[in-house]
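Work through the exercises below with the sequence and the coordinates at hand. Try each task before reading its solution.

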Amino acid sequence: MTLTPPTAGMAADPYPYYADLRALGPLFRDDESGLLIATTAGAVREVLASGAQTRPSDAPVPPAIVDTPAGRIFGRLIRMTDGLVQREVKAAVATALGRVTDEALGAEARQEAARLLAAGGIGPTALGFQVPVRVMAGALGFGGDSRGELRDLIADFVQCISPLSGPDAIEAAIAAAAELESRVAGLLGDGKTGLACYLRAALERPQAAYSGHVLANAVGLLSQTYDATGALVGVALVTMARYPDSLDAFRAAPVEYLREVARFDAPIQNTRRFFHGPDRLLGTDVKAGDAVLLLLASANRDPEVNPDPDAFDPARANLMSYTFSMGTHRCPGEEIALHLAAGTLRALLDSGFSPVSIDLAGLRYQTSANARIPMLA
Ligand code: HEM
């Protein structure tokens, strides 16, 4: 496969290519894609600290979903917006997430995974794309019976976030968004506990007019959990297959092990920013409309921030990771994600699954704009 900066994360080993890109410079313009490429840790930090925004100024919501339920949610997600409202809603999301316990969610993930494995017919990839999001649905306040349906709705909804989706996928995403809106509204009507209600409580004081934001960002907690955490489960299994001697380190300290996995083989390889006005960054002039691809996975392997970056070392000291981004949009779910993935993987290993059975030579990665999803059985 010919590697390009936006698609390298689908390759078996994109890391020598990322090293070549870093050698070209911290920030350069890629003529083929038209994107500016931030390759080093310093460049990624600088772009994230600049005024660049998460969406282009002429398309805050992708045109295909404007004026649809999917667009209504997308346009209010803190991940997809900038400014005062984003900051206030983000603070409320952090407050709400602070009311759940990472360890308890990890334990629930272990139980849920054990239950699904005992029922049979589920492989490791599917498990990663079922368990974390089901547990998050439970944390939002949904009862056990509906969690599988919510997972299916989210799998459809996230397709409206990917720039690679065609018309059928967009149609499914719009239908799923309408159903998700009504289910979260039902939850807010009935419930008093759970993340959706905690988010509403955290937003009540600043502004009553935030009700649409509560709904959208409750859905956002599910969508943000879904593919990134599923991808983390997958890349962790591949790492275990490559470094079977490291399994003891996982058993001893699963969350710390996964923190190094997330640095070493980032489940989210890149993110994007858009300039709404002219700027100058790292000696490069940028103009309004310029888009930057931030290679988070490459920044993690920059020797400037992580000595011996190509070594997988679960005991790494002073680990520096860009996988969860930084600055205004830094992921508020990092610890939760690590615990959910840890619980899922512990149950999988308890069930007798052996990572060394993974066929590394035949491994393929799912098509994705930014997630690194190994296709295991
Ligand atoms: C391994 C799993 C995960 C990875 C790799 C990941 C990564 C990221 C990244 C890179 C961003 C910021 C993107 C940017 O700056 O452009 C982000 C944002 C976000 N993540 Fe995560 N995430 C993960 C799991 C989760 C989970 C489990 C939750 C929910 C508890 C979550 C909630 C969020 C939210 C709400 C945002 C938006 C924050 C904002 O824009 O202010 N994430 N995540």
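**Exercise 1. The iron site**

Task: Which residue is the only protein donor of the iron atom of the ligand, and where is its place in the chain?

Solution. Keep in mind that this is a predicted model.
- Step 1: Search for N, O and S atoms within 2.8 Å of the iron. The only protein donor is the SG atom of Cys-331, at 2.3 Å.
- Step 2: Place that residue. Cys-331 sits in the loop between helix 14 (296-300) and helix 15 (334-350).

**Exercise 2. The shell around the ligand**

Task: Describe the residues around the ligand by distance, by class and by element of origin.

Solution.
- Step 1: Collect the residues with a heavy atom within 4 Å of the ligand. There are 24 residues around the ligand. Thr-271, Arg-273, Ser-325, His-329 and Cys-331 come nearest.
- Step 2: Sort by class. The shell has 10 nonpolar, 10 polar and four charged residues.
- Step 3: Assign elements. Helix 4 (84-97), helix 11 (211-242) and strand 3 each supply at least two shell residues. Helix 11 gives the most, with six residues.

**Exercise 3. Polar contacts to ligand oxygen**

Task: How far from an oxygen atom of the ligand are the polar side-chain atoms of Lys-90, Thr-271 and Ser-325?

Solution.
- Step 1: Take Lys-90. One of its polar side-chain atoms lies 2.8 Å from a ligand oxygen.
- Step 2: Take Thr-271. Here the distance to an oxygen atom of the ligand is 2.6 Å.
- Step 3: Take Ser-325. An N or O atom in its side chain is 2.7 Å from an oxygen of the ligand.

**Exercise 4. The sheet and its helix**

Task: What is the strand order of the open sheet, and which helix packs on it?

Solution.
- Step 1: Read the order. The four strands run 1-2-6-3, with mixed pairing.
- Step 2: Find the edges. Strand 1 (27-29) and strand 3 (270-274) each pair on one side only.
- Step 3: Check the twist. Neighbouring strands are turned by 25 degrees against each other on average, direction ignored.
- Step 4: Examine one pair. Strand 3 and strand 6 (residues 291-295) are antiparallel, over five bridges. Within this pair, Arg-272 has Leu-293 of strand 6 as its bridge partner.
- Step 5: Add the helix. Helix 2 (residues 41-49) packs on the sheet and touches strand 2 (36-38), strand 3 and strand 6. Its direction makes about 135 degrees with that of strand 6.

Key: Residues are numbered from 1 along each chain as its sequence is written. This is a predicted model: local features need pLDDT of at least 70, side-chain atom pairs count only at pLDDT 80 or more; totals for chains, interfaces and linings use all residues. Side-chain values use heavy atoms; hydrogens and water are left out. Two strands pair if DSSP finds at least two bridges between them. Axes are lines fitted to C-alpha atoms, for helices over the stretch in contact, and angles run from 0 to 180 degrees between N-to-C directions. Contact means heavy atoms within 4.5 Å. Donors are N, O and S atoms within 2.8 Å of the metal (3.2 Å for Na, K and Ca); water is not among the atoms, so sites may look incomplete. A polar contact is a pair of N or O atoms within 3.5 Å; within protein, one must be able to donate a hydrogen and the other to accept it, and residues adjacent in sequence count only if both atoms are side-chain atoms. Ala, Val, Leu, Ile, Met, Phe, Trp, Tyr, Cys and Pro count as nonpolar, Asp, Glu, Lys and Arg as charged, and the others, Gly among them, as polar.
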